[in-house]
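Please take me through this model in the viewer, one selection at a time, and tell me what is to be found at each stop.

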Amino acid sequence: MGEEDMEEGVLPGKKEKPPPASNSDIATAGLPTLLRKFPHLLIAPVISFCLIVALCSFGIVHATNASYDLEGKQARDAALGAADGLAQELSSASKAALSLAAVVKMSPNWSFLEANFHVLAEELFRQ
């Protein structure tokens, strides 16, 4: 026990210390132990996680609703524009038909209408 222990650098009667653990070993082995001793350490991360999830969910729902509202407004505007255009076309078409009806009432003679049809048609298309 004398010479062998002296060669290795171990004093008689003392135990050899294990090599120091790396930081990853300490973190891996110490985290569960630390959380078992102090479970309140999880409160802040859990609250932060829940808050982030809630805010992201709110943002997604809000953006989706805003998109649907915008699409609805654009569709409504397009429908109103089409309806206005159609109303103008019908108005101009009805004016021409009413003018032709007035000419027919004034002179129901077909030969008059046949002779003046091209002039009447040009006038009606200008309106």
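**Whole chain**

Begin with the entire protein in cartoon view and follow the chain from the N terminus, along which the elements run α-α-α-α. The model is a predicted one, and the protein has four helices and zero strands.

Next, switch to a surface view of the whole protein, whose accessible surface comes to about 11300 Å², with 67% of that area belonging to carbon and sulfur atoms. Of the 127 residues of the protein, 6% count as buried.

**The loop at Phe38**

Now select Phe38, which is placed in the loop between helix 2 (23–37) and helix 3 (43–106). Is Phe38 buried, exposed or partly exposed? With a relative accessibility of 39%, Phe38 counts as partly exposed, because that value lies between the limit for buried, under 20%, and the limit for exposed, over 50%.

Keep Phe38 selected and add Leu34 and Leu41, since together Leu34, Phe38 and Leu41 make a nonpolar surface patch of about 250 Å².

**Two cysteines**

Finally, select Cys50 and display its side chain: Cys50 is partly exposed, at a relative accessible area of 45%. Then add Cys56 to the selection, for which the relative accessible area is 45% and the class is likewise partly exposed.

With the cysteines on display, how many disulfides does the count come to? A disulfide would require a pair of cysteine sulfur atoms within 2.5 Å, and by this rule the count comes to zero disulfides.

Methods: Residues are numbered from 1 along each chain as its sequence is written. This is a predicted model: local features need pLDDT of at least 70, side-chain atom pairs count only at pLDDT 80 or more; totals for chains, interfaces and linings use all residues. Side-chain values use heavy atoms; hydrogens and water are left out. Buried means under 20% relative accessible area, exposed over 50%, partly exposed in between (1.4 Å probe, protein chains only). Patches are made of residues with over 30% relative accessible area and no salt bridge: like charges are joined within 9 Å, nonpolar side chains (Val, Leu, Ile, Met, Phe, Trp, Tyr) within 5 Å. Accessible areas come from the Shrake-Rupley method with a 1.4 Å probe; for residues, only the protein chains shown count as cover. A salt bridge is a side-chain nitrogen of Lys or Arg within 4 Å of a carboxyl oxygen of Asp or Glu. Helices (H or I, at least four residues) and strands (E, at least two) are DSSP runs, numbered from the N terminus.
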